[in-house]
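Student: Could you take me through this structure feature by feature, giving the general idea before the particular case?

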Amino acid sequence: MALKTEPFVINIGPVHPSTHGVFRMRATLDGEVIVDMEPVFGYLHRGIEKLAEGRTYTQNIPFTDRLDYLASMSNNMAYVMAVEKLAGISIPERAEYLRVIMAELQRIASHLIGVGAFLNDCGAFMTPFLYMFREREKILDLFEMVCGQRLTYNYMRIGGASQDIPEEFLPALDRFVKQMPGFIDEYDQLLAENEILLARTKGVGILPKELAINISASGPVLRGSGVKWDIRKADPYSVYDRFQFDIPTGSAGDTYDRYWVKIQEMRQSVRIIEQAMKQLPPGEVLTEVPHSLHPPAGEVYGHIEAPKGELGFYLVSDNSIAPYRFHVRAPTLINLTALRDMMVGWKVADAVIIFGSIDICLAEVDR
Amino acid sequence: MEVDERAGLHVYSDTELDKAEGTAIELLKSHCQQAIPDPDKWLEEELRHNILLTSVDFMLNWARRSSLWPVICFPACCAFELIATAASRFDISRFGMEIIRASPRQADLMITAGTLTWKMAPQVRRIYDQMAEPKWVIAMGACAISGGTFAQSYSVVPGYNLIVPVDVYVPGCPPRPEALLYGIKMLRDKIAKRSITEG
Amino acid sequence: MTQALSGEEIAAKLEPQFPGSIIESTGNNLLVKSESLFDLASFLKTAPGLDFDYLTSITAVDYYDYFEVVYHLTSIKHNHSLVVKTRCYDRGNPVVPSVVSLWRGADFQEREIYDLMGISFDGHPNLKRIFLWEGFQGHPLRKDYL
């Protein structure tokens with residue numbers, strides 16, 4: 001006698017015990033298997049794009065900090081690069097190298113949280129998360145040495161960086177860079193052959209290559225599906241064309257590949273920081289920019305490879321002190337497009353892992 | 001589960017539920033335009049009458065303040081300073097608070113770490129109502145106190161005290177873990193002065 | 001380096017196939033009529049040599065007389081990019097064809113433009129508000145809001 005079942009709609013979120021923020025999924029379940037899913041967000045929509053039209057270009061830099069708050073340095077960098085492209089300002093070389101060092105340190109910090117939270121969702125409750133936090137505190141100490149803040153830095157300025165690094169920064173960075181590969185190896189050794197992790201993540205939540213390109217995915221999500229596309233190599237900005245580094249690419253597009261890509265990217269970031277430290281030239285860090293900046297009328301689209309994907313700023317200027325239109329191309333919003341396709345057919349426990357592997361930050365999705 | 005013919009995409013969208021929730025949000029927004037007064041009246045009474053605490057009060061207050069269990073309410077950036085406070089460097093477990101409860105029925109402290117929007121406000125109010133008495137609220141960060149840099153936005157609630165009564169305000173954007181620990185210490189001092197007749 | 005293709009070159013390639021649909025082409029931009037947007041977009045996506053398979057972003061800007069919808073297209077295969085724009089002059093009920101069936105990445109971005117600017121996308125399967133709640137009056141990003 002067959003068992004009669006009926007699909008049942010439940011709500012996952014917006015307040016749920018993962019550190020991803022206020023995200024809600026209306027899932028239709030048949031037993032434990034998800035048959036349909038609708039993502040609902042907007043619980044953190046603060047209207048940054050509208051507020052930015054009422055503030056000057058420099059006053060908007062703290063807004064960009066609060067977009068993806070786990071990667072504030074990268075957000076700052078993308079925005080000031082876009083404004084400099086619009087206004088035709090060139091910055092000193094020391095500032096370029098400092099920006100690259102900060103952006104790569106920030107990439108390591110963001111991936112540490114991405115991987116730590118992902119493993120937390122997988123069931124290794126708190127242990128990898130606290131290990132990652134231990135390393136992240138070292139990076140936050142370095143940032144605090146430079147600009148005094150732990151989370152929302154407001155360090156970059158239009159025309160360079162706000163202040164030069166103190167003397168104790170480079171020796172501390174040197175110590176950090178020497179012990180970081182050892183930490184990544186220790187992590188890899190604990191987890192790469194772990195049967196439970198492999199069973200829970202291999203083959204789960206596959207994003208095929210054509211679909212990844214079609215939904216305009218970017219960052220580790222795109223590279224985990226086998227597409228070798230990284231803005232630092234495809235459209236080099238700042239001084240990235242002077243460094244040697246690889247682009248780790250997955251093959252299957254499952255959650256394990258996205259996790260693996262992040263771990264390898266941390267190693268590559270350490271390589272870039274080592275090279276940047278050796279090549280760091282002396283000089284100033286900030287060019288003379290008028291106090292009230294009036295960029296010429298026009299528009300610009302400036303993009304960088306942020307830790308979560310391709311972060312772009314589309315700015316339209318009408319020669320006044322505030323931008324006419326300020327639009328953020330949020331990588332995590334666009335990466336979420338295929339969430340339903342990745343989740344249908346899996347169980348609720350897998351749904352949490354698939355969602356965690358995309359590594360979103362709600363403040364950037366909702367802006 | 002419908003499939004849209006033109007685009008060939010699956011469509012699952014519950015518009016009835018969306019409309020019902022939208023109506024609830026508009027209703028809450030129209031009711032909550034005034035700040036709820038801070039629950040401080042009993043503190044002034046205390047100082048005026050100079051009542052000494054009995055030993056029962058003393059034991060209860062000690063037990064309550066030494067094992068405050070926070071509930072999950074972290075929308076935005078302050079969440080990461082809260083998690084950093086709970087991590088191993090600024091250990092919050094030495095105050096008995098390392099268990100961050102997912103279920104509000106088992107928690108007695110709500111640390112609001114992030115900007116509140118009108119869309120989220122009914123859910124926060126629901127979580128607060130589900131917590132059992134006695135319960136306390138710490139408003140963490142500039143966005144929680146007054147809306148922060150987003151105060152003039154069309155969708156941001158200017159401060160959590162329009163929705164829930166707040167006991168301690170911790171300023172900062174985001175506040176350092178040491179600042180949050182100082183705020184928690186202030187809350188513990190406040191709890192120490194409670195009397196059992198308070199309820 | 002991603003090469004930004006010039007508007008005149010692409011206009012010259014497209015003109016024989018779609019006569020009269022290109023309004024102007026300056027710098028790296030291509031301004032097209034909204035009626036022929038969908039056909040032009042599918043040609044840009046599938047034509048060999050162009051192969052714009054990656055839609056980087058869609059935005060909308062409110063100039064007081066008209067709305068302008070801006071599409072940034074990239075080709076991963078050839079590593080070149082192009083900017084396509086279209087305008088709609090009707091402020092009361094602006095409608096633009098949707099490109100969701102070509103690039104699925106347009107799904108959430110078009111919903112966002114509908115939510116915040118009020119531009120409807122003809123052919124989008126699930127056009128409803130995404131960030132604000134149902135029952136919110138108005139479209140905040142328009143210049144005449146507040």
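Student: How many residues does each chain bring to the contact between chain B and chain A?

Tutor: The general idea is that two residues are in contact if their C-beta atoms, placed from the backbone, lie within 7 Å. In this predicted model, local features need pLDDT of at least 70 and side-chain atom pairs count only at pLDDT 80 or more, whereas totals for chains, interfaces and linings use all residues. Here the contact takes 34 residues from chain B and 29 residues from chain A. Residues are numbered from 1 along each chain as its sequence is written, and chains are lettered from A and ligands numbered from 1 in the order in which they are written.

Student: Which helices of chain B each supply at least two residues of the side that touches chain A?

Tutor: Helices (H or I, at least four residues) and strands (E, at least two) are DSSP runs, numbered from the N terminus. On the side of chain B that touches chain A, helix H4 (78-86) and helix H5 (121-130) of chain B each supply at least two residues, and the largest share, 4 residues, comes from H4(B).

Student: How do the residues on that side of chain B divide by class?

Tutor: In this scheme Ala, Val, Leu, Ile, Met, Phe, Trp, Tyr, Cys and Pro count as nonpolar, Asp, Glu, Lys and Arg as charged, and the others, Gly among them, as polar. The side of chain B that touches chain A has 19 nonpolar, 10 polar and 5 charged residues. Where chain A meets chain C, 26 residues of chain A are in contact with 22 residues of chain C, and the chain A side divides into 12 nonpolar, 8 polar and 6 charged residues. The elements giving two or more residues to that side of chain A include helix H1 (48-52), helix H8 (209-214) and helix H12 (331-335) of chain A.

Student: What is the strand order of the sheet that contains S7 of chain A, and what is its pairing?

Tutor: Strands of a sheet pair through backbone hydrogen bonds, either parallel or antiparallel. Two strands are taken to pair if DSSP finds at least two bridges between them. In chain A, 3 strands form an open sheet in the order S6-S7-S8, with antiparallel pairing; its edge strands are S6 (298-306) and S8 (325-329) of chain A, each of which pairs on one side only. S6(A) is joined by 9 bridges to S7 (residues 309-317) of chain A, and A:Gly302 stands opposite A:Phe313 in S7(A).

Student: At about what angle does helix H3 of chain A run to S6(A)?

Tutor: Axes are lines fitted to C-alpha atoms, for helices over the stretch in contact, and angles run from 0 to 180 degrees between N-to-C directions. Helix H3 (residues 72-87) of chain A lies across S6 and S7 of chain A and runs at about 150 degrees to S6(A).

Student: Why is one side of S1 and of S3 in chain A left without a neighbour in the sheet?

Tutor: These strands belong to an open sheet of 3 strands in the order S1-S2-S3 of chain A, with antiparallel pairing. S1 and S3 (33-40) of chain A stand at the edges with a single partner strand each, so one side of each has no neighbour in the sheet. The twist averages 25 degrees from one strand to the next. S2 (residues 24-30) of chain A and S3(A) pair over 7 bridges in the antiparallel sense, and A:Met25 has A:Pro39 as its bridge partner in S3(A).

Student: In which sense does S3 of chain C pair with S6 of chain C?

Tutor: S3(C) and S6 (residues 80-88) of chain C pair in the parallel sense over 4 bridges, with C:Leu30 opposite C:Val84 in S6(C). With S2 (residues 22-24) of chain C, S3(C) pairs in the antiparallel sense over 2 bridges, and C:Ile22 stands opposite C:Val32. The hairpin of S2(C) and S3(C) has 4 residues between the strands, and C:Gly27 takes a positive phi near 60 degrees there.

Student: How confident is the predictor in chain A, by mean pLDDT?

Tutor: pLDDT is the predictor's confidence in each residue, from 0 to 100. The mean pLDDT of chain A is 88, and 99% of its residues reach 70 or more.
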